[in-house]
Amino acid sequence: MDVVVVESAEEVAREAASRVTDLVRRHPTASIGLATGGTQLGLYRLLTDVYRRGQVSFADNQFFMLDEYAGILPTSTNSFQHVVRSEFLNHVDAAPRSLHVLDGTAHDLHAEAQRFEQILRDAGGVDMQLLGIGTNGHVGFNEPGSPPNSRTRLVRLHDDTIASNAPYFSSPAEVPRVAISQGLETIMKARSILLMAIGARKAKAVAEMIDGEITLECPASILQGHSGATVIVDSAAASLLASRV
Ligand code: F6R
């Protein structure tokens, strides 16, 4: 796992955007796993800017969702597929059917998780998976206690995740309690992983991910075992690291 510490959230986004655009220029048909959350927004804005300047094309890429709330309509502003379309894909030349979604409104969510996992396998996995990290060390919605051999499945959100995501809803009661998420093993199959973390509220989880043991209590610590994982953090998120890298 490589760790890159930069000064600001803006630089985290810039560093990540340069790695994504490098990949897409070298490998125009690369498949990319897309995350949501506030951390990703700066990256999506910069990728849109680079596209508008004519410096990259996403026309031949395939995109895969990392996770999705259960029971939220795809048209809702809280739907993760809505977020990646409205913040990124709708502003670039991504092909209309290039986003492989997790349908949180599917009648059978277990079957939906398996369908997605199969599509991912048939596509040969992703070349780059984008990730954020929860204050409790989650990646995707793999909450503490998630098994390392987990695949895409139905998950129950922890209270701190519900609290973190409550500002996006009219009240904490509105936050779905259940979601579909790629599993830890699914994420670890990605050929490369780019995790971004910004802000002091992530410092403890970042330190546990990088300096701690690989434990179920910090799901992100599993990334220590991925040779193609890069973690990009700002100085606030890096403030509890044993050695600033
Ligand atoms: C979102 C996701 C989550 C977030 C994490 C950080 O698709 O899977 O793991 O990446 O909760 O969220 P923010 O960036 O809002 O702090």
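Let us start with D60, which sits in the loop between helix 2 and strand 3, the latter covering residues 62-65. Please bear in mind that this is a predicted model. D60 has a relative accessibility of 48%, and because the exposed class begins over 50%, D60 counts as partly exposed. Leaving aside residues up to four places away in sequence, D60 touches P28 and T29. A30 belongs in the same discussion: D60 and A30 are 30 residues apart in sequence, yet their C-alpha atoms are 7.7 Å apart in space.

I turn now to helix 2 itself. Does its length agree or disagree with the rise expected at 1.5 Å a residue? Helix 2 comprises 15 residues, 38-52, so it should span 21 Å; the C-alpha atoms at its ends are 22 Å apart, which agrees. After helix 2 comes G54, with a positive phi near 75°.

Which residues of helix 2 are buried? They are T39, Q40, G42, L43, Y44, L46, L47, T48 and V50. The elements that cover these buried residues include two further helices, helix 1 (9-26) and helix 3 (80-87). Strands contribute as well: strand 2 (31-34), strand 6 (128-131) and strand 9 (193-197) are among the covering elements.

A second loop residue deserves a word. E7 is located between strand 1, residues 2-6, and helix 1. With a relative accessibility of 54%, E7 counts as exposed, because the cut-off is 50%. In sequence, E7 and A236 are 229 residues apart; in space, the separation is 8.0 Å from C-alpha to C-alpha.

Finally, the chain as a whole. Its secondary structure amounts to seven helices and 10 strands. A compact globule of 245 residues would have a radius of gyration near 18 Å; the chain has 17 Å, so the two agree. Along the principal axes, the C-alpha atoms fill a box of roughly 45 × 40 × 35 Å. Of the 245 residues, 54% count as buried. If we take the contacts between residues at least 6 apart in sequence, 78% of them join residues at least 24 apart.

On the surface, the accessible area of the chain is about 10600 Å², and carbon and sulfur atoms account for 51% of that. As for charge, the chain carries 21 positive and 28 negative charges, and the mean positions of the two sets are 3 Å apart.

Key:
Residues numbered from 1 in each chain as written. Predicted model: local features only at pLDDT ≥ 70, side-chain atom pairs only at ≥ 80, totals over all residues. Heavy atoms only, no water. Helix = DSSP H or I, 4+ residues; strand = E, 2+ residues; numbered from the N terminus. Expected span 1.5 Å × (residues − 1). Buried < 20%, exposed > 50% of the residue type's maximum accessible area, 1.4 Å probe, protein only. Contact = heavy atoms within 4.5 Å. Rg over C-alpha atoms; globule rule 2.2 N^0.38 Å. Areas by Shrake-Rupley, 256 points an atom, 1.4 Å probe, with all protein chains shown as cover. Lys, Arg positive; Asp, Glu negative; His and termini not counted. Charge placed at Lys NZ, Arg CZ, Asp CG, Glu CD.
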